[in-house]
There are 2 protein chains.
Amino acid sequence: MAFPRLTKLELQIMDALWSQGASSVREIQEAFPEKDRPAYTTVQTMVYRLEAKKAIRRVKKIGNAHIFEAAVSRNAAQRRLIDDLLSFFGGRPQPVVAHLVETGKLTLDDVQEAEQLIRKLSKKEKGR
Amino acid sequence: MAFPRLTKLELQIMDALWSQGASSVREIQEAFPEKDRPAYTTVQTMVYRLEAKKAIRRVKKIGNAHIFEAAVSRNAAQRRLIDDLLSFFGGRPQPVVAHLVETGKLTLDDVQEAEQLIRKLSKKEKGR
DNA sequence: ACCAGTCTCCTACGTTTGTAGTAGATATCA
DNA sequence: TGATATCTACTACAAACGTAGGAGACTGGT
C-alpha cells in the first residue's frame with residue numbers, strides 16, 4: 001500500500017492541496033472550476049477516503065473545520081502516474097516521447113532542454 | 001463516447017488482441033502470464049464489456065468459439081493514455097520529460113533520437 | 001443565551017471494475 | 001451416436017468511485 005493509485009477526481013483534490021497548501025474541505029471544493037463543481041459533501045467524502053488511504057492527513061482545526069494537508073508529494077504522485085503509463089509501454093520511455101513528438105506536443109526546444117538536463121545530471125553523477 | 005477510458009485489465013486484454021491479432025477468449029486468457037492469470041470467465045466478462053464499449057468486435061466463429069478483434073488501434077489508445085497523463089501536467093509535456101530524465105529512464109540516446117525525429121517531421125511539414 | 005450558518009459524521013445509492021460460478025448449447029472424438 | 005471437453009450466456013457479488021442528503025454539533029454574532 002506504499003502508494004495508492006489515485007483517480008482523476010482524487011488527483012484534483014490533491015492538486016488543490018498541493019497548490020494552495022493545507023486547506024479545509026470548503027477551500028478544496030472552491031478550487032474546482034465553478035462550472036462542474038461537485039457538492040460540498042461529495043468533496044468531503046473523497047477527502048475522507050483520501051485520508052483513509054493516507055494520501056492526506058488532518059493537521060489542525062480552525063473554528064469547527066478540519067484543515068487537511070497532502071501526505072504524499074506531488075512529485076511522488078507524478079512519478080507514480082508516469083510509471084503506470086510506462087508499464088503499458090513495456091517500461092520503455094522512448095515510444096512515449098515519440099508519441100509526444102508526433103502529435104506535435106514536444107518541440108525542439110523542449111527536447112534540447114531535456115538534453116541539457118541530462119548532461120547536467122550525468123556530470124553530477126560522475127562526481128558521486 | 002468517442003473513446004472509452006480503458007483500465008489496466010482492459011488494456012491487457014486489448015494488448016493481447018493487438019499483439020496476436022484476432023483471438024478467442026481462451027487465447028486472450030492464455031496471453032496472461034500464468035502467474036496471476038484470471039479465470040477464463042473473468043476474461044470473458046471483460047471481453048464482453050469491451051465489446052459493449054465498442055473497443056472490440058466479434059469477427060467470426062471457429063468451432064463454437066467467437067473470435068474477437070480490436071476495434072480501436074493501439075496507437076489511438078496510447079494517444080489517449082498520454083493525453084490523460086498530460087492533462088494532469090497542465091497539458092505541458094516538458095515536466096513529463098523532465099521526470100523521465102530525472103529518474104534515469106530517458107537516456108541521452110533516446111533524446112537525440114527524438115531530436116532527429118523532430119527534424120525529420122518538421123522537414124516534411126515544410127513540404128506540405 | 002439564542003439563532004443562523006457552517007461543518008462533521010454517517011448513511012445511501014447507482015455505476016464501474018474485477019472476479020468468478022453455473023447451466024445449457026455445441027463440437028469433437030471414439 | 002453417445003460421452004467428454006469447450007464455449008457461450010447469464011447471474012452474482014464485493015470493492016472502489018462518484019455523488020449527495022440528513023441529523024446533529026459547533027461557532028460567531030447580537
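Here are a few notes on how the two protein chains pair up, how they meet the DNA, and how two helices pack.

1. First, some housekeeping. This is a predicted model, where local features need pLDDT of at least 70, side-chain atom pairs count only at pLDDT 80 or more, and totals for chains, interfaces and linings use all residues. Residues are numbered from 1 along each chain as its sequence is written, while chains are lettered from A and ligands numbered from 1 in the order in which they are written.

2. Chain A lands on chain B with an RMSD of 0.1 Å after a turn of 180 degrees and a shift of 0.0 Å along the axis (least-squares superposition on C-alpha atoms of residues with pLDDT of at least 70 in both). The two copies are therefore related as by a two-fold rotation axis. In chain A, A:Val111 has the C-alpha nearest that axis, at 3.2 Å.

3. Now the DNA. Strand C is surrounded by 22 residues, and the closest are A:Ala65, B:Thr7, B:Leu9, B:Thr41 and B:Asn64 (near means a C-beta atom, placed from the backbone, within 6 Å). Helix 3 of chain B gives the largest share of this surface, 4 residues (helices are DSSP runs of H or I, at least four residues, numbered from the N terminus).

4. Within chain A, helix 1 (residues 8-20) packs against helix 3 at about 85 degrees, their axes 10 Å apart (axes are lines fitted to C-alpha atoms over the stretch in contact, with angles from 0 to 180 degrees between N-to-C directions). That makes helix 1 of chain A roughly perpendicular to helix 3 of chain A (65 to 115 degrees). A:Leu9, A:Glu10 and A:Ile13 meet A:Val43, A:Met46, A:Val47 and A:Leu50 there (contact means C-beta atoms, placed from the backbone, within 7 Å).

Terms used. Helix = DSSP H or I, 4+ residues; strand = E, 2+ residues; numbered from the N terminus. Parallel < 35°, antiparallel > 145°, perpendicular 65-115°, else oblique. Contact = placed C-beta atoms within 7 Å.
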